[in-house]
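This report describes the fold of one protein chain for a reader who is new to structural biology. Please keep the sequence and the model in view while reading.

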Amino acid sequence: MSKNYGTKRVVVGAHYGLRDWLAQRITAVLMALFTVALLVQVIFGDPIGYEKWAGIFSHQWMKFLTFVVILSLAYHAWVGMRDIWMDYIKPVGIRLSLQVFTIVWLLGCAGWAIQVLWRL
């Protein structure tokens, strides 16, 4: 009977830790910069009203930037929720159901936000 101690170990898991960690940081920075830019326009501009708010989002570059931030938010939330489900929900069927529900919910929220954005 031999015991194997040392550097050989069995690595399990999906192996996308670095990619997800980096995606979380990039999307967080993008959302933070967008929030700061939006707050600067609102705080240092004229009093906010519908015309001013609609004017901020009327430019094509702002709609595109907002679209990218909406997608970033959805992906950021997906990575976080998927990690929570994988870490804390052990029964595979329940975990899969929660992941599918999360995907459907996030796609619905992103779709609704994009619809509101392009309606302006």
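## Overview of the chain

Of the 120 residues in the protein chain, 23% are buried. The model discussed here is predicted. The protein chain contains four helices and zero strands, and its elements follow the order α-α-α-α from the N terminus on.

The protein chain exposes about 9100 Å², and 72% of this area is supplied by carbon and sulfur atoms. Among the contacts with a separation of 6 or more, 64% link residues that lie 24 or more positions apart. The sections below take up helices α1, α3 and α4 and the way they pack.

## Helix α1

Helix α1 covers residues 17-43, which is 27 residues in total. From its first C-alpha to its last, α1 reaches 38 Å, close to the 39 Å expected at 1.5 Å a residue.

Which residues of α1 are buried? They are Asp-20, Ala-23, Gln-24, Thr-27, Met-31, Phe-34 and Leu-38. The cover over the buried residues of α1 includes α2 (50-56) and α3 (60-88). Arg-25 also lies in helix α1, but it counts as partly exposed, at 42% relative accessibility. In space, the C-alpha atoms of Arg-25 and His-76 are 8.8 Å apart, although 51 residues separate the two in sequence.

## Helix α3

Helix α3 has 29 residues, which should span 42 Å at 1.5 Å a residue. The C-alpha atoms at its ends are 42 Å apart, so the expected and actual spans agree. The buried residues of α3 are Met-62, Lys-63, Thr-66, Val-69, Ile-70, Ser-72, Ala-74, Trp-78, Val-79, Arg-82 and Trp-85. What covers these buried residues of α3 includes α1, α2 and α4.

Two residues of α3 show how positions on one helix can differ in exposure. Thr-66, placed in helix α3, has a relative accessible area of 9% and is therefore buried, since buried means under 20%. Phe-67, also found in helix α3, has a relative accessible area of 27% and is partly exposed.

## Contacts of Thr-66 and Phe-67

Which residues does Thr-66 contact, leaving aside its neighbours within four places in sequence? Thr-66 is in contact with Phe-34, Phe-57 and Leu-117. Phe-34 is one of the buried residues of α1, while Leu-117 is among the buried residues of α4. Thr-66 and Leu-117 are 51 residues apart along the chain, and their C-alpha atoms are separated by 7.9 Å.

Phe-67 touches Ile-114, Leu-117 and Trp-118, when residues up to four places away in sequence are not counted. Phe-67 and Ile-114 are 47 residues apart in sequence, and the distance between their C-alpha atoms is 6.6 Å. Leu-117 is thus touched by Thr-66 and by Phe-67.

## Helix α4

Helix α4 takes in residues 92-119. It has 28 residues and reaches 40 Å from its first C-alpha to its last, close to the 40 Å expected at 1.5 Å a residue. The buried residues of α4 are Arg-95, Gln-99, Thr-102, Leu-106, Ala-110, Ile-114 and Leu-117, and their cover includes α3.

Gln-99 offers an example from α4. Its relative accessible area is 14%, so Gln-99 is buried. Not counting residues up to four places away in sequence, Gln-99 touches Trp-78, Arg-82, Trp-85 and Met-86. Among these partners, Trp-78, Arg-82 and Trp-85 belong to the buried residues of α3.

## How the helices pack

Two packed helices are described by the angle between their axes and by the distance between the axes. The axes of α1 and α3 come within 9 Å and cross at roughly 140 degrees. The pair α1 and α3 is therefore oblique, because angles must be over 145 degrees to count as roughly antiparallel. The crossing in which α1 passes α3 is left-handed.

How are α3 and α4 oriented to each other? Their axes are 10 Å apart and the packing angle is about 170 degrees. The two helices α3 and α4 are therefore roughly antiparallel, and their crossing is right-handed.

Technical notes. Residues numbered from 1 in each chain as written. Predicted model: local features only at pLDDT ≥ 70, side-chain atom pairs only at ≥ 80, totals over all residues. Heavy atoms only, no water. Expected span 1.5 Å × (residues − 1). Buried < 20%, exposed > 50% of the residue type's maximum accessible area, 1.4 Å probe, protein only. Contact = heavy atoms within 4.5 Å. Areas by Shrake-Rupley, 256 points an atom, 1.4 Å probe, with all protein chains shown as cover. Axes fitted to C-alpha atoms, helices over the stretch in contact; angles between N-to-C directions. Parallel < 35°, antiparallel > 145°, perpendicular 65-115°, else oblique. Left-handed = near helix turned anticlockwise from the far one by under 90°.
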